[in-house]
Amino acid sequence: DILDDYLKTDGVWILTRNKQFYIANNEKECAEKCEAERKFNCRAFLFTRKKLQCLTLAENAKMTVTFNSTDAVLYEKKIYLLQCKRGIGKDYRGTEAKTQSGIPCQKWAEKTPHNPNYTPEKYPNEGLEENYCRNPDNDEKGPWCYTTDPDTRFDYCNIPECEVQVMHTAEGECMQCNGEDYRGDVSRTESGLECQRWDAQEPHMHGFTLKHFPEKDLKMNYCRNPDGELRPWCFTTSPTKRWEYCNIPRCTTHQPVSGLGSQCLSGKGEDYRGRMAITESGNACQHWNTQFPHRHGWIPDRYPCKGLEENYCRNPDGEKRPWCYTINSNVRWEYCAIPFCDETEQGIAGMSNVPMEVPLLEECYRGNGQSYRGTTSITTSGKKCQAWNSMYPHRHEKTPERFPAADLRDNYCRNPDGDNRPWCFTTDPSLTWEYCNLKRCDDHAQ
């Protein structure tokens, strides 16, 4: 896939003068425009979903200013983000511009203080831009540059090795499923950035601490997957890149399967593997591997251990109980009526779930809804709310720890930041947040 060579970031726009506009039907077509770009060296492209607009860019987020843009998706060529070298660094395109002894590099296009043998004109495909360290002559010692010291013609650069050794280690350095149980010590991202320590709050503030996630092994700055992402990740030490996935291979041998999974409801039903495929109101479930009538991110190939088979009810995201998307275009998702494994448990849970099972007719909010403490978890367009303590599909700062007075429980609609009315982050990857399907209370009927 042509997009495998790019790093994707949702909701970001970058400011650059050197760009070209195209019309493209999808991201792949836009990537092809970037590969074919001849007016400049295309390092990234922007794609807008609504306008189907494609912008090829000479710069990436490391080189210019970024800002939020809801409809835009930024794709950056990974080769230009790598700050480490693979092998002798022939394909290194990072921005290191000083030698191992700290001397600034001479620009490749200049002739002083040294007259270069390697120039951008003679070697247009070697990435000889600015004064960045490169290896145009396949030097076994790696990237180098001409120096700005008249007495030193050239010197090598101190470029760290990419952590490719993880690809050749024992099974302990690989991941099962989506890497939720990965406990290895890889501490660089897939583009070579060093990971920020989990117990640090600089350069990025976050809520993923050992205190709040004691079972997630958030040690040192090792890559982990505490929030059900596609694979292990970490916050980076780069101020311009908040977080990034880590390059950890899947294990070639699979973990032994303990039993066949539960056929009844126990706890939240995350291990339920029965064949119920109808919601509690009678709607048939949509198949997990289809995107109609509802588009979603729970694709079986991406989550191999979540049991997303056929259209069976499942609980892949830690919801209250198993659910599914429905084939009713007006009802995006619903819970399923799975029988409890224990009748005693059923009686207790059934009693405690009454408010959730029977939505109160007077469910409404007053003022701007900051005092709302109901259990609605659906947006105005019918999308399911993302749990406040989850970072998937949207990474955010509105955590229960940071807003303790806002009652950010489960995925209930709330207004922690003084907005116009209650809202939530959505489980739809293409829509970050939305107001909730709630009405203002009628003062006369209160």
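The exercises below, each with a worked solution, concern a predicted model of a protein chain.

**Exercise 1. The chain as a whole**

Determine how many helices and strands the protein chain has, and which percentage of its residues counts as buried.

Solution.
- Step 1. The secondary structure consists of 3 helices and 15 strands.
- Step 2. The protein chain has 446 residues, and 47% of them count as buried.
- Step 3. The accessible surface amounts to about 23200 Å², with 50% of that area belonging to carbon and sulfur atoms.
- Step 4. Among contacts with a separation of 6 or more, 62% join residues 24 or more positions apart.

**Exercise 2. Strand β3 and its cover**

State how many residues of strand β3 (residues 44-48) are buried, and assign them to the two sides of the strand.

Solution.
- Step 1. The cut-off for a buried residue is a relative accessible area under 20%.
- Step 2. By this criterion, 5 of the 5 residues of β3 are buried, and the strand is mostly covered.
- Step 3. One side carries Ala44, Leu46 and Thr48, while Phe45 and Phe47 lie on the other.
- Step 4. The residues on both sides are buried, so both faces of β3 are covered.

**Exercise 3. The partners of β3**

Identify the strands that pair with β3, give the sense of each pairing, and locate the residues opposite Thr48.

Solution.
- Step 1. Strand β4 (residues 53-57) pairs with β3 in the antiparallel sense, over 5 bridges.
- Step 2. In this pairing, Gln53 of β4 is the residue opposite Thr48.
- Step 3. The hairpin of β3 and β4 has 4 residues between the strands, and Leu52 in this hairpin adopts a positive phi near 50°.
- Step 4. Strand β5 (residues 66-77) also runs antiparallel to β3, and 5 bridges join the two.
- Step 5. On the β5 side, Thr48 faces Ala72, and Phe47 has Val73 as its bridge partner.
- Step 6. Thr48 therefore has a residue opposite it in β4, namely Gln53, and another in β5, namely Ala72.

**Exercise 4. From β5 to β1**

Find how many bridges join strand β1 (residues 6-14) to β5, and name the residue of β5 that stands opposite Asp10.

Solution.
- Step 1. Strands β1 and β5 run antiparallel and are joined by 8 bridges.
- Step 2. Asp10 stands opposite Val73 of β5.
- Step 3. Val73 is also the bridge partner of Phe47.
- Step 4. β5 is thus joined to β1 by 8 bridges and to β3 by 5 bridges.

**Exercise 5. The surroundings of Ile23**

Decide whether Ile23 is buried or exposed, and list its contacts beyond its neighbours within four places in sequence.

Solution.
- Step 1. Ile23 belongs to strand β2 (residues 19-23).
- Step 2. Its relative accessible area is 64%, and a residue over 50% is classed as exposed.
- Step 3. Ile23 is therefore exposed.
- Step 4. Beyond its neighbours within four places in sequence, Ile23 contacts Lys33 and Leu52.
- Step 5. Lys33 is 10 residues from Ile23 in sequence, and the C-alpha to C-alpha separation is 9.6 Å.
- Step 6. Leu52 is the residue with a positive phi near 50° in the hairpin of β3 and β4.

**Exercise 6. Backbone features in loops**

Locate the cis peptide bonds that precede Pro113 and Pro293, and compare the exposure of Asp217 with that of Met220.

Solution.
- Step 1. The bond from Thr112 to Pro113 is cis, with omega near 5°, and Pro113 is in the loop between β5 and β6 (144-146).
- Step 2. The bond from Phe292 to Pro293 is likewise cis, with omega near 5°, and Pro293 occupies the loop between β9 (243-245) and β10 (323-325).
- Step 3. Asp217, although not a glycine, has a positive phi of about 55°, and Asp217 lies in the loop between β7 (154-156) and β8 (233-235).
- Step 4. Met220, also not a glycine, has a positive phi of about 50° and is placed in the loop between β7 and β8.
- Step 5. Asp217 counts as buried at 18% relative accessibility, whereas Met220 is partly exposed at 40%.

**Exercise 7. Internal space**

Establish how many cavities of 30 Å³ or more are present, and characterise the lining of the largest cavity.

Solution.
- Step 1. There are 3 cavities of 30 Å³ or more.
- Step 2. The largest cavity holds about 80 Å³ of space.
- Step 3. Its lining includes Leu7, Lys62, Glu76, Ser191, Thr240 and Glu244.
- Step 4. By class, the lining residues comprise 4 nonpolar, 3 polar and 4 charged.

How values were computed. Residues numbered from 1 in each chain as written. Predicted model: local features only at pLDDT ≥ 70, side-chain atom pairs only at ≥ 80, totals over all residues. Heavy atoms only, no water. Buried < 20%, exposed > 50% of the residue type's maximum accessible area, 1.4 Å probe, protein only. Contact = heavy atoms within 4.5 Å. Areas by Shrake-Rupley, 256 points an atom, 1.4 Å probe, with all protein chains shown as cover. 1 Å grid on protein atoms, 1.4 Å probe; cavity = no way out; pocket = protein on both sides within 12 Å on 5 of 7 lines; lining within 4 Å. Points joined across faces, edges and corners; volume = space filled by probe spheres on them. Nonpolar A, V, L, I, M, F, W, Y, C, P; charged D, E, K, R; others polar.
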